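This report reviews a protein model with attention to its side-chain contacts, its covalent link and its confidence. The sequence and the coordinates are shown first.

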Amino acid sequence: MIAVFISCQPKERKPQIDYTGFTKKEIILTGIDKNYEQKDTLGLLTINIPARLDTFYQWYNRSDCLPCGRLQYRFSDTRYAQFAESGFFWDNISGPIYQLTITHNPIKEAPDNVVIRKFVHTDTGRFGGYLVNEAILCEKISFIKKDFIEINTRPFAVASFISPCSKITDTRNPSLFFTAKTTLKNRYLNFIGECSIKDSTGFLDNMYKTLLSVKIEENKSSE
């Protein structure tokens, strides 16, 4: 007679994130057609936002061509400057900001015969170009962290860095940035956190926690 003993090791559970002080928000992501009119509902984005980001606004940031513009959705701290940049040029603001902006192209960025593939770990060498060009205007960057995260089965390239070249502010003090990028219906979907206030304690932690809460329910009937 042979006795067989089987030991079952429980799967390690990921630590639960404490979202005390955060508020769940929903954003309907939309597209624009060639007549600059709303065309598609791309999907529903659910996200947990820190309570201090108590102001929300969204707009179409026009540029010199339709594919060059951006649909933008912004959460910000009402105690600091509010600014919806739009057009070919704008005057940068001089006051400090504390905000998170979500952006995407109004139309598909790739032609019909090309598909933007999802990010993979091997893209890490290209994180610089992926993650900074939506936030800053020069190559003066001090990276804090670069990462690759899969959130609810969706891959994100992520980075945090310091730079004096914000597209929004003209303050002489460098801003602290948190950026993340994924794909949605042949578009890049960008998350840009920017903090130029003197006390940036907890900013990056809050941005990472916010990103980890992201859920995107795509509209299967739209492109």
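## Charges over aromatic rings

Arg52 sits over the face of Tyr98, at 3.8 Å from the ring centre. In a second arrangement of this kind, Lys145 is placed over the face of Tyr208, 5.1 Å from the ring centre. Tyr208 is one of the buried residues of α2.

Arg52 also enters a backbone relation with Gly21: the two C-alpha atoms are 8.6 Å apart in space, while the residues are 31 apart in sequence. Gly21 belongs to the segment before β1 (22–32). With a relative accessible area of 45%, Gly21 is partly exposed. Beyond residues up to four places away in sequence, Gly21 touches Ile49, Pro50 and Ala51.

## Model and confidence

The model is predicted. Across the chain the mean pLDDT is 83, and 76% of the residues score at least 70. Confidence is highest in helix α2 (residues 203–212), with a mean of 97, and lowest in α1, with a mean of 70. Where pLDDT is low, the predicted coordinates should not be read in detail.

## Overall architecture

The secondary structure of the chain consists of two helices and ten strands. Along the sequence, these elements follow the pattern β-β-β-β-β-α-β-β-β-β-α-β. When contacts between residues at least 6 apart in sequence are taken, 66% of them join residues at least 24 apart.

Of the 223 residues in the chain, 48% are buried. The chain exposes about 12900 Å², and carbon and sulfur atoms supply 51% of that area.

## The disulfide

How many disulfides does the structure hold? It holds one disulfide, which joins Cys138 to Cys165 with an S to S distance of 1.8 Å. The link of Cys138 and Cys165 is right-handed, with 70° about the S-S bond. Cys138 lies in the loop between α1 (127–132) and β6 (142–151), and Cys165 lies in the loop between β7 (154–163) and β8 (175–183), so the bond ties together parts that are 27 residues apart in sequence. A disulfide is a covalent bond between the sulfur atoms of two cysteines.

Are the cysteines Cys138 and Cys165 buried or partly exposed? Cys138 counts as partly exposed because its relative accessibility is 23%, above the 20% under which a residue is called buried. Cys165, at 14% relative accessibility, counts as buried. Cys195 also counts as buried, at 3% relative accessibility.

The surroundings of Cys138 include residues distant along the chain. Leaving aside neighbours within four places in sequence, Cys138 is in contact with Ser163 and Cys165. The C-alpha atoms of Cys138 and Pro164 are separated by 8.5 Å, and these residues are 26 apart along the chain.

## Aromatic pairs and a cluster

The structure holds eight aromatic pairs. One of them is formed by Phe161 and Phe177, whose rings are stacked at 5.1 Å centre to centre with 15° between the planes. This pair links distant parts of the chain, with Phe161 in strand β7 and Phe177 in strand β8, 16 residues apart.

Phe161 and Phe177 are both buried. Together with Phe143, Phe161 and Phe177 form one aromatic cluster.

## Helix α2 and strand β2

Helix α2 is mostly covered, as seven of its ten residues are buried. The buried residues in α2 are Phe203, Leu204, Asn206, Met207, Tyr208, Thr210 and Leu211.

Thr46 is located in strand β2 (residues 38–50). At 15% relative accessibility, Thr46 counts as buried. Which residues does Thr46 touch, not counting those up to four places away in sequence? Its contacts are Lys24, Lys25, Glu26, Ser213, Val214 and Lys215.

Terms used: Residues are numbered from 1 along each chain as its sequence is written. This is a predicted model: local features need pLDDT of at least 70, side-chain atom pairs count only at pLDDT 80 or more; totals for chains, interfaces and linings use all residues. Side-chain values use heavy atoms; hydrogens and water are left out. A disulfide is a pair of cysteine sulfur atoms within 2.5 Å. Helices (H or I, at least four residues) and strands (E, at least two) are DSSP runs, numbered from the N terminus. Buried means under 20% relative accessible area, exposed over 50%, partly exposed in between (1.4 Å probe, protein chains only). pLDDT is the predictor's confidence in each residue, from 0 to 100. Rings of Phe, Tyr and Trp (its six-membered ring) pair if their centres lie within 6.5 Å; planes under 30 degrees apart count as stacked, over 60 as edge-to-face and the rest as tilted. A charge sits over a ring if NZ of Lys or CZ of Arg is within 6 Å of the ring centre and within 35 degrees of the ring normal. Contact means heavy atoms within 4.5 Å. Accessible areas come from the Shrake-Rupley method with a 1.4 Å probe; for residues, only the protein chains shown count as cover.
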